[in-house]
Structures are given as C-alpha cells and as structure tokens.
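Me: I would like to go through a structure with you. Could we begin once it is on display?

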Amino acid sequence: MATMSAYPTHRMFLLVFLLLPVFSAGVNMPDKTHVKTWVEQLSRSIEDFEKNLPFTTIGKTFDNKTEGVEKVDGMALIQEMAEKVAQMLENKTEALKRAVTVAESAAANHNFTKDITESNLVNYYKSKDPSYNDLSSILTPNEKFRQSVNTTVSSVHIPVEIYEKDPDILNALMWSHELDKVFTENYEDDKEILWQYFGSQTGFMRSFPASLWKMTDDVDLYDVRRRPWYTQGSSSPKDMLILIDTSGSVVGQSLQLMIVAVKSILDTLGENDFVQIVKFSNKAETVGCMQGFVQANYRNKKYLSSVVDNLEANNMANISKGLEYAFNQFDAFENSTEAGVGAHCNKMIMLLTDGGTDNGDEVFKRRNFNRPLQDRVRVFTYAVGQNPNPTKDIAWMACANRGRFSEIPAMGAIRARVQDYLSHLVSDRLEITSGDDYLLYRIFTDPREYVPVLSRPAALQDIKELKWGNIYNDSLGLGMVVTVTLPVYNRAPSGSNQTILGVMGIDVTTEQMKHFSPAWKLGPSGYTFAINTNGYVIFHPRLKIHNEIEDTPNLDFLDIESENDKKEQLRQDMIDGKSKEEEITTFVSSQDGNHVLEETRKYFYTPIGNTSFSLGLALPRYQNYVMKLTDFTEAKAKEMINLLREQDTAKLLAPWKYYKSSSVTQNQNSSVVVEDLIAALENNYSQTPDNFNTEEMRQLYVDMKVSKSTFSMVKDLMALKMYRPRSDDLHTLFYSSDGNDTGTTNTTAVFLATYGGLTTVYPKHEAVVMESYRDPWQSAYFRRALHYDQNFMFHAPYTLGPLDNETTPTVMVTHAVIGSKLQSTPSAVVGMVVTHDFLVEHMNEISATSGSSSVNSCKDVDSAVCFLVDDGAFVVAANHPDYKQQIGRFLGHVDAGLMSQLYGDVYLRVEEVDYQATCINWGNQTSAASLGFRIPSVNLLFEILTFNWWNSIWTWTMVNLNVYSWFSSPPTVTAFTNEPKEYICSKKKAQYYFNPNFKEDTNGIIYPCDENCTRDYVARRVPKSNLLFVVISSTCPDCYESANSKNLIQEPVEMQIADQDVCNQTARYRRNPAKCYDFDDRETNPGCGGPISTPVSVLLVVIATVLTLALARLS
C-alpha cells in the first residue's frame, strides 16, 4: 500500500488510460439506436420470406379444396365421449359380475379333498412353466394381447414363496377351473375385453386367456395379493399407524425383519389409504419428517420406505408409551379439519415388537374400549425374531381389539454347490428353491387359509361394490391399465359367511378409453384426459409410459399440468363430478419439453357414468373450427395412388392408421407407411370402401392436392436463382451469392407439413432431414408454428453439448398456413431448412451496411459477438466461428454472464418437477444380508400373518441358525449386478420464455469473473419472429462462467427425496369412496391369537439337520 501511494498520480492515470482498451471491450460498441436500425432491416427481410414460403397463397388453396368450416363444440364432444366410454366400461362390469357369480357358485359346490394332487386338476397350465402340460404348444400369436395366448383356457401364476402342492391351493385351483367357461363366454360376447383374472386369497392368480408369464426381473416377485387392485378390491380404505419397537432388544436380525415387514405393508397400501409410522422404545416419536397421517401414494410410500432403513435399536421398550402416542395421533387426526386428509374408514395399529409382558391394558381401557364398538381402532400385532420374550400379552392385544396376532421368526438361507446331492432326500413337504448357487430349504406344514380381517364386514353384508383402481403398468404387456374389481366371498354351506376367497378383476387399458377421443376435431394441441376422485391422472398426453419399469407413480393432475388457482378449482369440480366449461390462462410445454408458452385455453369436463372417473377436454385458442371435407371416393382413391407415386417430391406420412384395418406401428418409417397405404388402396378399396372413408383419408386427399400445387410454385421460385443487387433487398434464400450456377445452396430443403400427417419435401433427396419429424402432430415445430400463427418461427435442433466439428448447423424456419373461409382455421405449416452460414452472412451484412464505420458490426468478430436467440433462450445463430458448434444449445451454457443479465428482464422461466422421469442405477453394489431377507419381502403382509407357515419355517430356522452356524457362517450375497437399471425418479428443469412486459430492447454492462474487464451488450426483439438479436463485446481473457454458477438451470436434473419437499406438502382436495364397510356386529374373530400349528415331523427335522451338516462340509 505504501508503494502505491508513493507512485506519481499522473503516471498512474496514464497507465490506466493505456491499459483501458486492453481490459475494456466497450469501445466502439453499437448503442440501442444502431441495433434498432439493424433489427428493423432484419425484420423486413424476414417478412420477405413469404415470397419463398407463400403461406397466404397456400391458405387460399386449402379454402378452394374444402367446403367451409365447422365449429368445434367442446362440451358436446366431451359428453359424447363420456357416454361412449361409460358404455364400454359397463360391458366390462357386466362380464365381471357374471364371473363372480360363477366363482362363488363353484366354490360353494366344491367338496374339499385333503389328498388332492396336481394330477387331479383339469386343463391346469402354469404360466411360469411352458413345458408343464405343454402350455407353449397351445399358444398362438394375438395382436390384441401383444403376445401368444390361448382364448379357450386360463393359466395360473403362483408366487415363488407359495408351496404349489398345498391342498388349499390345489382345491382352489380345482373349483376355479370352472371360470374358464364364463371367461370364454365373456370374450366371445365382447371382442374388446382384455385380461380377466381371479386373484385367490391363497396367493395364486388365474388369468384368461392363457399365456406365458413375463419376468420383469431375475426373480419373480409378483404376488397378486400385493397388487393395488387386489388390496383395494378386498376391503374398504384404511387409516393405518405402523408402530415399531426400536428398543435395544430388537437389534440385529429382528430389526432388519421389522424393516422388511414395514416395507411389505407399505406395498399393500393404495391411494385411498393413509399411513403414519411411529417408533418407540422408552419414548415414542414419528419416523421421518412427515408429522401425522399422509396419503399412501407413490411418493409418500417411497419416502417412508427410505427413512425406515435408518432405524436404530436402543433403550428399553415401553409399549404403553408407544400405544399412548398412537392413540394421540388418531385423536389429532380425527379432529383435524384439513381437507382431503384421511380415509375415515378402517382405523388400525400395526404393532411390530419382539414380545414382552406389557399388554397396554390400561391404555386400551382409556383410549379404545371406551369408544363405541364401530369406532374402535383395530390392532394387529407381530412378534418378530427369535427372542425368548413372551408373546402372550402381545397376542391378547390383537384379540381384544378385533385384530390378529402373528409371529415372524427369521428365515435361513444356506449355500450349496451341488443341488443333485440332496434332491432325493427331500419329501413333498420340503421345498427346494434354487437361485444362482443357493438353495433355500423350507419345511412346510399345511397352512390355514388366512381371512383378511378387514374384509369381514363387507363379506357379512354381501357387499358387491365395483371399485376402479388407479393406473398401473400391466405385468402381462398391455401398457397402462385400470382394473375394475369385485370381491368373491365364501358362500359354502359349511363355510364362514365372513370369508373372502379372493378378488375378480378385468383390465381396461387407457388406450381403450382414449380411442373414443375426438382427436380430429381437437387438432394437434387439443387433448382429452381423465382423473379419479383423488385427483390422480388416469390418462393424459403428458403421462409417460415406462414399459420396462414396474413402478407407476400416482400423478396428480396438478403434477402434470401447470398449477394455478383456476386449475385447482377445475380439479375440485372434476372430483365432485360436475360438468362445466372454463377458460384458463396457463403455461403449456412444447412437445420436446424445451419451450413453454402462455395461452388461454378452453377446458370442458364431465363425469363418466357409474365410475369414479371424470373426463376432461382442452382446446387451444386456435382450434375453434375445423375444415369440412367431402367423402373419400373410388375416384379419389385412384388419384391418391398416382399422387403418392409422383417422384418430383418426397412424401413422408405419419405412422397413423389411415384406414381402419391398418397394421402400421409408431416405429415404422415413412416409406413403409406410404407403401402400405398404396397397397391397401390398390388391393382392398373396391371390396371394402368404408374401410377408407376415415377423417384421416379425407384430409390426406385434400393435403396431397394442395401440396402438388404448392410445390409447383416452390420449384419455380428455386429455379430463379435470385441474387442480391442491394443490401436492403431480400437475400438469396435458395442459392449463395457467389454468382456461379454451381454455388452452394443456402436452403437445403423446403417442406409443407399438413393436418393430415403429410410432409412433402423438396428436393426429394433431402427427405432424411424431415424423417424424424414425420408425424407433424407430435413435432414441436408444428405446434409452435400454429400457436404463433403470425410469426416466422426459427428453430435450431436442440443439443445439450457442443456439436462435433463435422456437423454443419442448420436452422428450420416455419410459418403457419391459415385458411380464410369464414374463420381463421389452421391447416398446415410451411417451412424451409437453411444453413447457419446463411443467417450469419445476412446478419453480418445488415449490420455492416446499416451502421457507422466507427461502430463495430457483426463482421468484427474479434470485437463484437452477435447472437440470434429464440424464445426459449436457445442459440439460433452466432457470428463468431468459435460459437458455430454451439448452435442449438441453451444460451446459459454458451455465455452464462449474458444469459444471467437477460434472465428477469428479457426472459422469465417456469420451473417444474417431472415426477415421472427415469434415472439409471449402475448397479455397483452388493448386499451381504441373508437371502432370507430378500425373499420374505415379496408378500410378508400375508404370509407373516399365517402362524402355521411361520411355525414350520421357524423349525427349520432354529436348525439352520443353531447347527449350521457352528460350522460355517459366511455372508450370503443376495443381489449383485453391474448392469445399469432404470428407475422412476424426479427431475427438476426450467423452461424460458419472453417476458411479456419486456418493452423492445435493453442494454447493460457485465462484470464477469469479478475482474477489471467489462462487457457491453444490447438486446432487441426481432418483430414478426421468435428471435432476440443480441450484440455483446467479446469475452474477457481467462474468464469462464458456467450456467450452474449463475443458477441458470435448464436441462432436467435429478432431485433427491429431501429436495422434493415432501414433508411440507399441503394435502390436496380429494373425495373418499361414498361408502365404508368397517363394522358388522356379527363379526367374530376366530384364531386371532394364532392357530396351534401342526407338529412338524421329527423325521423332517432330522433330515434338515443332516442336510445342514452335509452342506457345511461341502462349503
């Protein structure tokens, strides 16, 4: 500091003056006036594009080919669709009722046979064993089911943990075989019916038609009783509190078993259920940050499943304190006025502990027994692990509170090298399950049928209530489905009239519902959607289908659409079953997710009769009218064949079903679709003309006629080779200005994309440029052009990273074609693909010839950087060679400092969370837990409640743990893989758009990297386009700023659970099912304390011991 103060002042000023040109890039930069002149000239040039893209003339041609327009009546359309969907669903429910009647009759008339074997079963086919009864030989390919099936018989799936030779299983299989006849009759009466199935309470699933099971993982973890449609169909909704003992005595294996059990219980809960998890030792507290009961939807269950992994065991157990806390939670919950919270039906506590002498009697007397019987909380108790603690008091709790007691001992897994060594020693009552080089031995007693306690009241009252589930991914390959269910009760004279035998279900795909959508009148951006009484989406165009991923998130309507007050009210009205029409201003994402626009849309909605669904329809502002089209005749068919075969232009067709019997699929390219249509017209039209009189064919014929005349004009224009005599004239679009006939073209392709799915491209060899956009309705450029129908739209193909040096950037320029008859009706989009160099040359020339010699122009690349940026902040053109490979990238990645200045002034952004994104788990972890911990997670809720089953496992476990462990106790690796695996995750992203309050231009100074270097910039909107022109001084040396450093998020980034703010969410409006069946005074509670198990044969125990010792030696 002393040295600087001694430096002569006049020399310091001289040094600063000399260095200023070096460190300041602001000298000779254009000001707002210069940039305004440049942009006005650029805008005039853009308007002149119509000379080469004659959209007005094309619109008039469409007018001449049609018979006027027809108004789109949104309310009439949605009501008509609702009626058709309701009728289709009613057909399925009538079939379901017939199947239930047959099932109950068959079960009632069946005589239980204790000595039954598989050989007694008729037409018994195992879905997972194609060789059993030669199932594979009777299957034939079926397009409707997307696999090979047999439509005369059913096949059976049995979970991996179920002993399939058990008499209870075999008897149920015998009587349920009679379902094949009614299944077949239903199929013949309704050719649109899909999977019909019966899920048995014993664990098997009989599905029709017969098919092979599709494995979704290395181990088949499917259990019908854990499916949402089954749990919802078998009982009324639940408010469940899971109470976990985390005292010091449960440390180790018992605690791990509890965690697995809790996750399995969570799996059984559906969207109409509410859940809370509480842990206790010497005090009690809620697990995780969710205070109180929360809806058991996908995200909440995923969070709760993750937090129970962190449970630790310590301190002494005080069950009474845990129960006191639990009842306090129920009291607070029941007294809450928060809308949408609570099932308000079955109330239950699930207590998991290792036993003890505290039965909570005093707590129950004060908090439960003093309630009216119908309002009491049910209590289910589980004694977990091998601790010698007494369980009598735990069992009493369940019996005294209308619940059930069960024991969950540990399961043992042992390692073997040679399976054949022991197979001949194993009787029918000792099952061997192999996987990799492990064998899991289980000793089975005859398991008793478990009666779901919660189903008793409905069974006693013979309630047959149709229930529609939420969507899920069909395990048999049909995509997203909803299931309608009815319970099947035991009506045998000798049986209990409070027993449920299982649940009958029929699938309806969301595609079957969407089939009735009036898509043609809705246009490319209009759509229909449906939600249920929880506000969750049944179908919606933004709903993603992940065929290879089992998890299906519950997506709320407001998770999938932009949320605002009017949308919330619309959602509530739909849940309440109202029919209304609303105009709502909302943000709408582009098809590729990179852009967003704000527009006013019309929404129409009405309920679907006899279901829990409500149907909605959304129309963009431009879709008020559609063209009237004449019938498709034989003469038009012959003419269309000739038009399709013309060779002067390329004709790309969207992969649509232009005729009713078409087999075209979405992944087929345009040439296949064209050839398919030509062949159909030539070979089939005369026999089946009605097959072709579709809206698509009528529109396509008009489109092809207009396209033919359009490209006669375009080819004439391209032959002119217009040169640029003066700087203010239109730049040559089709050829460069080098004056040579062989000069490079500035326009690589001209195209016309129509409502009928036709994209015509000239020259023909450039068709590959548009192949990825062959479906105009699904292309972002097409929809965006229709919305901004008065503007030329510039679009550079999006890229996340820089382009490679071999790629020559191109830019698509488009404009909507609007008819003028009576009303403005969109009919097509015309466009061209131009080279990036053309735009840069034009930008450079305008700035150089329209400015002052003392001002840097875009030609001065070392001093000024010029950008053309689109409405989503993506770079369309840049004058500097270093930026050529950045075309199509988000400006924040190209020049973070500049984008940071523009954000909030020129650009605003919409931030959203994609709850249905996919992430990749690279699978580099292994687990050393016992294999037994993996297997019981499949269906613990049901298997752990059957004491006989667990008692038999306990017998083997004691041998395994106390004998085998003396000799060898290596860790058992249960799962490992290096293969990447996709899973559902949440990702946050941002979409930018022009600030509607932005005037015309802006300017400023940037101070990058906190250095003594400044950058001046000026930005101005380009009229009649979606472009922003920006000129900025060159970058400062040795200074790089990333988008992240400026918080300029754009592309999706995975969010961790904590980031999703799941614990601060406010419950949304919902409506509970109309009726609740949680009490009947005739209900009894047999076997609540666990049945006395059948003694396990001493011989089997000895065999198990010998096997263990032998395998220990082999290891």
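Reply: The turns below discuss the sheets, the helices on them and some backbone details.

Me: What should be known about the model and its numbering?
Reply: This is a predicted model, in which local features need pLDDT of at least 70 and side-chain atom pairs count only at pLDDT 80 or more, while totals for chains, interfaces and linings use all residues. Residues are numbered from 1 along each chain as its sequence is written, and side-chain values use heavy atoms, with hydrogens and water left out.

Me: How many helices and strands does the protein chain have?
Reply: The protein chain has 30 helices and 43 strands. Helices (H or I, at least four residues) and strands (E, at least two) are DSSP runs, numbered from the N terminus.

Me: And what percentage of the residues is buried?
Reply: Of the 1115 residues in the protein chain, 57% are buried. Buried means under 20% relative accessible area, exposed means over 50%, and partly exposed lies in between (1.4 Å probe, protein chains only).

Me: What is the strand order in the open sheet of five strands?
Reply: The order is β23-β22-β26-β25-β24, with antiparallel pairing. Two strands pair if DSSP finds at least two bridges between them. β23 (537-539) and β24 (580-589) stand at the edges with a single partner strand each, so one side of each has no neighbour in the sheet. From one strand to the next, the twist averages 35 degrees. Angles run from 0 to 180 degrees between N-to-C directions, and axes are lines fitted to C-alpha atoms, for helices over the stretch in contact.

Me: Over how many bridges do β24 and β25 pair?
Reply: β24 and β25 (residues 596-607) pair in the antiparallel sense over 10 bridges. Threonine 585 stands opposite threonine 600 in β25.

Me: Which helix packs on that sheet?
Reply: Helix α5 (residues 74-109) does, touching β22 (527-532), β23, β24, β25 and β26 (613-619). Contact means heavy atoms within 4.5 Å. The direction of α5 makes about 50 degrees with that of β25.

Me: Now the open sheet of six strands: what is its order?
Reply: Its strands follow the order β28-β30-β29-β33-β32-β31, and the pairing is antiparallel. The edge strands β28 (650-653) and β31 (793-795) each pair on one side only. The twist averages 20 degrees from one strand to the next.

Me: Which helix packs on this one, touching β29, β32 and β33?
Reply: That is helix α4 (residues 55-65), whose direction makes about 40 degrees with that of β32 (810-819). Helix α24 (residues 836-849) lies across β31, β32 and β33, and runs at about 85 degrees to β33.

Me: Changing topic, where are the cis peptide bonds of proline 209 and proline 763?
Reply: One joins phenylalanine 208 and proline 209, with omega about 0 degrees; proline 209 is in the loop between β6 (205-208) and β7 (210-211). Another joins tyrosine 762 and proline 763, with omega about -5 degrees. Proline 763 is in the loop between β30 (758-762) and α23 (780-787).

Me: Why point these out, along with positive phi values?
Reply: Because most peptide bonds are trans, and most residues other than glycine have a negative phi. Histidine 344 has a positive phi, near 55 degrees, and is found in the loop between α11 (319-334) and β12 (346-353). Arginine 402 also has phi near 55 degrees, in the loop between α13 (392-400) and β14 (405-408).

Me: Is arginine 402 buried or exposed?
Reply: Arginine 402 counts as buried, at 14% relative accessibility. Histidine 344 is partly exposed, with a relative accessible area of 48%.
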